[in-house]
Amino acid sequence: MNCYESAPEPYASLMRYPHILSIILYSLAFRALCKKHNENFHSFSRLLLWHTIGSFVSQMYFSFLALPVSYLPYPVYRSAGFFMYFDVPGVLVMNLELILITHSALSTIELLRFRLEAAKPDRSKFDPIKVLVYLFRLNLIVIFLYLTSSTPHAIEKQKEYKFQFSQAHPSLPVSNLIQCPNVFIFPPITDNQYMTSLVSMCSVTTTTLFLVVISVITIPFRIRALKKTASKKTIEVQKMFFISVFLQAIINSLFFVFPVSEFLKFAIGRDLADGGHFQLVFILMPYHGTAATIIMICFTKPIRDSITGTFTGGKVASAKSISRTMA
């Protein structure tokens, strides 16, 4: 074992080679989203573009820059991606992962907010969901500032934890890696900084899932109220967009739940005997973006028509038919 050892197979291949298909898919999605759309669909398409770019960046980061490798049952994590050749600290790699998770949560919530507002018959009335979204934004700003400002201190604490681990387990093979800069040791739950990060990520996960549930509960009532003033075609399009965003939200929620749950296991020291489960979580994390992009293409008609036109040579479908629904 050494600091610059490649990730084990077939894990490394699973984290990289399927991206050949993913990149093709993302290219088609970016091309469709960057097309000039109807003015009323333009705002929603910009949100979708932002969300898709975030998914693509996360996917490339996890699979190529970070490429996390765990050494269970020991609380040791090593970055085996391109970052390791530049001796990027493991703490910084971990914090960037958490920032990307919170960014995905933000873009998911903004998509839900947009669809809920579009399905609201009377937008002049007070909407409590807006308050939750504003609080969510504030929470993410605080998390971002905390993670960025606490990184130097966390790097110093890692030196202390690495020394303690080496003293406690001098004969373990993994001890040869401990002093590598690209290695991260999960701190004990008594570590205030680590505990704060865990609580923050749990709050993001809980709030996101709560808003997804609230959306599922309230959207049928909003659409029912919208029937009094909107056409049948408008209602159908609203349902189509909501299904698309809802399925994307579910997929992205799993992106938060899986890693947070595994990090909590490290914190409380349970179910750490099998490293294969944790490695599976790392494989699933980047491909959530591919799955969400497939859902977006399948359930968002203007995007689907644009991509279909690319292959058929036909004219990209116009978004005029949905102009009134996005107003």
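**Exercise 1.** In this predicted model, decide whether glutamate 156 is buried, partly exposed or exposed, and find which side chain meets glutamate 156 in a salt bridge.

*Solution.* Step 1: the relative accessibility of glutamate 156 is 48%. Step 2: buried means under 20% and exposed means over 50%, with partly exposed in between. Step 3: glutamate 156 therefore counts as partly exposed. Step 4: its side chain forms a salt bridge with that of lysine 159, at 3.4 Å from N to O. Step 5: the two residues are three apart in helix H5, so about one helical turn separates glutamate 156 and lysine 159.

**Exercise 2.** Describe the salt bridge between lysine 157 and glutamate 160 and the exposure of both residues.

*Solution.* Step 1: the N to O distance between the side chains of lysine 157 and glutamate 160 is 3.4 Å. Step 2: both residues belong to helix H5 and lie three residues apart, about one turn of the helix. Step 3: lysine 157 has 23% relative accessibility and is partly exposed. Step 4: glutamate 160, at 37%, is also partly exposed.

**Exercise 3.** Determine which helices are linked by the salt bridge of arginine 137 and glutamate 110.

*Solution.* Step 1: the side chains of arginine 137 and glutamate 110 meet at 2.7 Å, N to O. Step 2: arginine 137 is in helix H5 and glutamate 110 in helix H4, 27 residues apart, and the pair links distant parts of the chain. Step 3: arginine 137 is partly exposed at 28% relative accessible area, whereas glutamate 110 is buried at 5%. Step 4: a network of salt bridges links Glu110, Arg113 and Arg137. The salt bridge count comes to five.

**Exercise 4.** Check the length of helix H4 against its expected span, and say how many of its residues are buried.

*Solution.* Step 1: helix H4 covers residues 90-118, which is 29 residues. Step 2: the expected span is 1.5 Å times one less than the number of residues, giving 42 Å for H4. Step 3: the end C-alpha atoms of H4 are 43 Å apart, which agrees. Step 4: 24 of the 29 residues are buried, so H4 is largely enclosed by the rest of the structure.

**Exercise 5.** Locate serine 150 and find which backbone oxygen its side chain reaches.

*Solution.* Step 1: serine 150 sits in helix H5, residues 128-168. Step 2: serine 150 has a relative accessible area of 9% and is therefore buried. Step 3: its side chain reaches the backbone oxygen of tyrosine 146 at 2.7 Å.

Conventions
Residues are numbered from 1 along each chain as its sequence is written. This is a predicted model: local features need pLDDT of at least 70, side-chain atom pairs count only at pLDDT 80 or more; totals for chains, interfaces and linings use all residues. Side-chain values use heavy atoms; hydrogens and water are left out. Helices (H or I, at least four residues) and strands (E, at least two) are DSSP runs, numbered from the N terminus. Buried means under 20% relative accessible area, exposed over 50%, partly exposed in between (1.4 Å probe, protein chains only). A polar contact is a pair of N or O atoms within 3.5 Å; within protein, one must be able to donate a hydrogen and the other to accept it, and residues adjacent in sequence count only if both atoms are side-chain atoms. A salt bridge is a side-chain nitrogen of Lys or Arg within 4 Å of a carboxyl oxygen of Asp or Glu.
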